[in-house]
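Thanks for making the time this morning; I would like to walk you through one model, and please keep the coordinates open while I talk.

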Amino acid sequence: MKSILDYETVDYDSKKKALVIIDQTKLPNDIELLSLRGAEDIWNAIYELKVRGAPAIGVAAAIGLAVLAEQIEAQDRAAFMEALENHKAYLVSSRPTAVNLSWALNRMMQVCYGHAGSTVEELKEMLLQEALQLKREDIEVCRKIGEYGLTLLKPGDGILTHCNAGQLATCKYGTATAPVYLGHERGYNFRLYVDETRPLLQGARLTAFELYSAGIDVTLLCDNMSASLMQKGLVQAVLVGCDRVAANGDTANKIGTSVVAAVAKQYHVPFYVCAPTSTIDFNTPSGDGIVIEQRDREEVSHMWYRRPMTADGVKIYNPAFDVTDHTLISGFITEKGIVSTPAELERI
Ligand code: MRU
């Protein structure tokens, strides 16, 4: 039977000329593919976390922009670029924290600005090819993160992860899960501990699902249980993904990540951030400069419950991400190697 790992997280359908994603809000119960061609549909898919995870958002937006470009009717280059810039600005506004979104869309725009003499039809084809190239690069980057990450782990290790930085958050392998998948192929017999990750349960619904589908030993825990596991010596490393790493190493990732980092420090468990270099934002000096997306109260009070779990009128705090202080991070596992600060990447 086809497993969730046999599906493409993000794809391009050349017959329908559409962006294709798995609707991740339906997982793990239903695997539904969505074909998207409209700007609002693509924006909503990102905002509503039908496609989510920093690298997957970047590639989805890039393919989405190519799909929208193809539908622009202008023959005149200036009019085409104006329409394309509008689509780009709209897609960028869907989620503010993951830097991959603007990074991928800027790279798409550069294709046009770098080919001043090309016709509109040529630009449309180049945009599509760039989006597909971004997807191929994401797979390669994740595989390399996997290889580097594996050098930090031993067979039988207990590994804790938060949220979903898995295949469902990328085009293949994931970032935090890449060392796990590669180790699994090589008989490492890891034990995976997955935080459920309130309020949208990406750990429970997505990470536990994809790791279990791969045949990996996976245990789900509520977000307040990691200290209990670490006290017992069951966790040898924490691996997480990231949405934006500031130049000093402060790291934005799913809300609750910084709690895990603080607990890991307390119990002397190394805490690694798996970071494609596209997620490192050298223009933001520290975590103070990272914009954190605030989300609807219903995600905490209503979603996933048959009846509301909070009395109407109770104030709700619902930031999508938090910033882990760089002093809590043991290292960054990137596709270029393992570094203790982003600045070290310049020397690799
Ligand atoms: O809100 P989400 O589900 O998009 O949050 C995802 C995360 O926080 C991931 O850890 C991060 O994007 C890295 S994915 C490789």
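P199 sits in the loop that runs between β5 (191-195) and α7 (202-213), and the peptide bond leading into P199 from R198 is cis, with omega near 0 degrees. I should say at once that this is a predicted model, and that everything I describe is read from predicted coordinates. A cis peptide bond also joins L27 and P28, where omega is about 5 degrees, and P28 belongs to the loop between β2 (18-22) and β3 (33-36). As background for why one might pause at such places, most peptide bonds are trans, and most residues other than glycine have a negative phi. With that in mind, let me add Y173, a residue other than glycine whose phi is positive, near 70 degrees, and which is placed in the loop between β4 (158-161) and α6 (178-185).

Let me turn to the ligand. Which residues are the closest to the ligand? There are 19 residues around the ligand, and the closest are R52, A54, R95, N253 and K254. For R52, an N or O atom of the side chain is 2.9 Å from an oxygen atom of the ligand. Q202 likewise places a polar side-chain atom 2.9 Å from a ligand oxygen, and for D243 the distance between an N or O atom in the side chain and an oxygen atom of the ligand is 2.9 Å.

Now to the helix packing, where a pair of packed helices is described by the angle between the two axes and the distance between them. Helix α1 (residues 39-47) packs with helix α3 (residues 77-92) at an angle of about 25 degrees, the axes being 9 Å apart; since angles under 35 degrees count as roughly parallel, α1 and α3 are therefore roughly parallel to each other. The crossing of α1 past α3 is right-handed, and the contact is formed by A39, E40, I42 and W43 from α1 together with H87, Y90 and L91 from α3. By class, that contact of α1 with α3 comprises five nonpolar residues, one polar and one charged.

Helix α4 (residues 99-113) and helix α5 (residues 120-150) pack at an angle of about 145 degrees, with axes 9 Å apart, and the crossing of α4 and α5 is right-handed. Among the residues that make this contact are W103, M108 and V111 of α4 and L123, L127 and L134 of α5, and the contact of α4 with α5 divides into 10 nonpolar, one polar and three charged residues.

Note on methods. Residues numbered from 1 in each chain as written. Predicted model: local features only at pLDDT ≥ 70, side-chain atom pairs only at ≥ 80, totals over all residues. Heavy atoms only, no water. Axes fitted to C-alpha atoms, helices over the stretch in contact; angles between N-to-C directions. Helix = DSSP H or I, 4+ residues; strand = E, 2+ residues; numbered from the N terminus. Parallel < 35°, antiparallel > 145°, perpendicular 65-115°, else oblique. Left-handed = near helix turned anticlockwise from the far one by under 90°. Contact = heavy atoms within 4.5 Å. Nonpolar A, V, L, I, M, F, W, Y, C, P; charged D, E, K, R; others polar. Near = heavy atom within 4 Å. Polar contact = N/O pair within 3.5 Å; in protein donor to acceptor, adjacent residues only side chain to side chain.
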